[in-house]
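Subject: Structure for your review

Dear colleague,

Please find below the structure that I am handing over to you. My notes on its side-chain packing follow directly after it.

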Amino acid sequence: MSKIKTNQANEPVWKECSVHSKLPRELKVLDEIAHNLWWVWNYEATELFANIDKTLWNKTEGNPVLLLQSLSHARLEEMTQNADLMASINTLYAKFRAYMDEPFNPAIPSIAYFSMEYGLSNVLKIYSGGLGVLAGDYIKEASDIRANLTAVGFLYRYGYFTQSLSMDGQQVANYEAQRFDQLPLSQVLDADGKPMVLEIPYNLFTVYANVWVVNVGRIKLYLLDTDLAQNSEWDRAITAQLYGGDNENRLKQEYLLGVGGIMMLNRLGIQKQVYHCNEGHAALINAQRLVNYIQNDGLNFNQAMEVVRASALYTCHTPVPAGHDYFEEPLFQKYMGHFPERLGISWQEFIDMGRANPGSGEKFSMSVFALNTCQEANGVSFLHGEVSKKMFAPVWKGYFAQESHVGYVTNGVHMPTWATSEWRKCYEKYFDENFYNDQSNPAIWEKIYQVDDRVVWDVRMTLKKRLVKHIKESFKDSWLKNQGDPSKVVSILDKINPDALLIGFGRRFATYKRAHLLFTDLERLAKIVNNPDYPVQFIFTGKAHPADGGGQGLIQHIVEISRRPEFLGKIIFLENYDMRLAKRLVSGVDIWLNTPTRPLEASGTSGEKAEMNGTLNFSVLDGWWYEGYREGAGWALTDKRTYENQQFQDQLDAATIYSMLENEVIPLFYARNSEEYSPEWIHYVKNSIAKIAPHYTTKRMFDDYIHRFYDVLANRSCELAKDHFAKAKALAAWKEEVSQHWDEIEVVSITYDYQTINRGLEVGETLSVNVVLDKHRLQGELGLELVQFYTDPTTHVDTIRVHKGELEKTEGTRLYFTLRLQASESGTFKYGFRVYPSHKDIPHRMDFAYVKWING
């Protein structure tokens, strides 16, 4: 007989049950508004939610869904009995429904928009930085202008990281799981009311994904989520983190976004006129679209390519080749190896679509694949467009960068999101009543000159005081944890002064952003910030990628400097830069500082957000500021480079910043009148609002995309699709025929006055050249050009001029051309002759970049 045990139990098995408030019928409309991100850019909505329970609103970080779920039964009953509150709710809902019930504008082509990230609100953590915030602003604008756009992305379980600092100033990345039931989104259901599960066939396995939808005003944003029990541990992680994992996980993500995104739209019955890749991450949408046309419409690969290209746009946000996604061939084949058979081409042909040099063994480039499968491509500022032309020139060997079809649309910001309610109320009072519908009209913004200087100054001071109050209330606890000495924290809090000149710097901490520039000469900087008569304070914030040691080192360096006695409370670093903090900063500081290494800032939009709030920019002439700078409305560091050595250039730029602060900026700010403000500073603010702000809204940006790209693509793709793709088939047949017989082109003769060439042309003299070509079996038209290449003696810039030949006559398969070159200036130049295929239905030369240089 054994002793009976008196204590035995296994581990508890817990299950989670969520309890949240049930809204009374009268308050159901609040839930409808809370589940549509329209509230993000309508201050009447956020003010109403905040007034329901200010403490709870702050505790939920401004999340109305969680706010409503957390209200007590007693508070809900109290709300229904409050006549004034119910009247406000009904007024707000009427405004919301009036907005939502307006139909899409049929004059704007319909668009499918794909992006890895969307910055819509701090509540929905599916963004990391500028690319995502730009995408979020863009679809908000699509809603406002009633564009029929559908967006596709991912619902990340952990999103991007939350940042804190250790005692020694090192960045600590914390990943916090999102509770989807507490977010402004809903799960897409099948016809039987069950959650839709999308099956995405990878090469050797299947990945399953839930589909969620976020209502962004009138726009639907569909998000894929692989955190399902049907998936393996590795596949559940595909949508775990934004830009998380290794290169293989990145490829799995981009496969899901491209291939899975198109499959999802097909499942939902959504078809659009234009397919827009926001960065190369989404390039594989075109691989799946090719498959669809081949399998569903009976087209062959070349015919399908004509249709796909004609309706596709690739927007590049990266100014250097190293910033693009590349994949080794074995890894790429592991996931894409089944596609060539579905497309009816060889593996070599398929992978070469992602190589600037086909057959070279290069890594597969998503950007090159996007360029080869999208008719149009663009950079995100004028300067970035020019950089992109050079960067992508190797893809089209026969043409020079200056001839590239790659265009640009300078990024903008969604003004209703980023302008504070104080500024919006000011604009609503003094500007045209049609202001929001015509934001890019400079004439409306010029009415800021009619606003009293005191009004402008008071708005600015209100926002500065709010920022300082927020810093003191929100960062006290975290500073006490990582500063070590409570007396230092108290000293910092006491020294933050809303009456001082506040200069802000907030962005991703990549080394090219040069956050360190201000600290090149600490002695000089100390004199600037410690002037008792003209106080100046700097506020820094930003995250570094967890894998970017250099960026994290910059953060630690700034934190260390900020703790030195001479900089305590004068240089401040704020943790966890997100959209809420960004809005407080760009509206609450006096100057927004930006110091990138030119030309590595593709666009940058934080400075544009500052413009909407009367905050002045002080920046390198790069990205959007290269176009946006106006004298008397901000300050600029020259775009000219003095030193090739970057360290020397940094030192010069830093000295220039110190000098401009000491001699221009600080004296202007402190040129106070008897009413204790600077009229000269307010004049700069008004110039900034009137002359810069209207040109950098997403309204202007979206209009540019419509006129430069969407209309072009929608019209051409419609033409190619008519009569069962008759034009697409004809164009593909022509290209196949040209490709087959291209090498048969023969140069019969090239004749010109050799004596003139030998002695040299005189300015004003014309050189005539006669060329006879024989096409032999090649059908269709050919063009001939004389290309003149020279280096400008003043700017030292390589320049080309193209002189088109005139087809004088045709005899059988022979073509007789005449070219004329007039010497317009003295100097030495090179010249050459090139032949190209010509067809009235191709959109540009890069669409079919066959070039034959001939020996003359």
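I begin with a charge placed over a ring: K543 lies over the face of F161, at 5.1 Å from the ring centre. Please bear in mind throughout that this is a predicted model. A second case of this kind involves R507, whose charged end sits over the ring of F505, 4.6 Å from the centre of that ring.

Aromatic residues also meet one another. The structure holds 58 aromatic pairs. One of them joins F435 and Y436; the pair is tilted, with 5.2 Å from centre to centre and 50 degrees between the planes. As for the surroundings of these two residues, F435 is buried, with a relative accessible area of 2%, whereas Y436 is partly exposed, with a relative accessible area of 25%. In addition, one aromatic cluster is formed by Y202, F205, Y255, F332, Y335, F339, W347, F350, F364 and F369.

I turn next to the nonpolar cores. In soluble globular proteins, nonpolar side chains tend to be buried together. In this model, the largest nonpolar core has 155 residues, and those touching the most other members are F49, I139, L149, L221, F350 and F702. The element that gives the most to this core is helix α30 (residues 698–741), with 11 residues. A second core, separate from it, has 92 residues, including W418, W423, A582 and A690.

L149 may be a convenient residue to display. Leaving out residues up to four places away in sequence, L149 touches I111, Y113, Y138, I139, A142, I219, K220 and F702.

W423, named above for the second core, is also one of the buried residues of helix α18 (residues 421–430). The others in that helix are S421, E422, R424, C426 and Y427. The buried residues of α18 pack against five helices: α2 (43–52), α17 (415–418), α19 (442–445), α20 (453–474) and α29 (679–691).

Finally, a polar residue deserves a look. N292 lies in helix α10 (residues 285–297). Is N292 buried or exposed? Its relative accessibility is 14%, and the cut-off for a buried residue is under 20%, so N292 counts as buried. Apart from neighbours within four places in sequence, N292 is in contact with I262, N266 and D297.

Yours sincerely,

A colleague

Notes. Residues are numbered from 1 along each chain as its sequence is written. This is a predicted model: local features need pLDDT of at least 70, side-chain atom pairs count only at pLDDT 80 or more; totals for chains, interfaces and linings use all residues. Side-chain values use heavy atoms; hydrogens and water are left out. Buried means under 20% relative accessible area, exposed over 50%, partly exposed in between (1.4 Å probe, protein chains only). Helices (H or I, at least four residues) and strands (E, at least two) are DSSP runs, numbered from the N terminus. Contact means heavy atoms within 4.5 Å. A nonpolar core is a set of buried Ala, Val, Leu, Ile, Met, Phe, Trp, Tyr and Cys residues joined through side-chain atoms within 4.5 Å. Rings of Phe, Tyr and Trp (its six-membered ring) pair if their centres lie within 6.5 Å; planes under 30 degrees apart count as stacked, over 60 as edge-to-face and the rest as tilted. A charge sits over a ring if NZ of Lys or CZ of Arg is within 6 Å of the ring centre and within 35 degrees of the ring normal.
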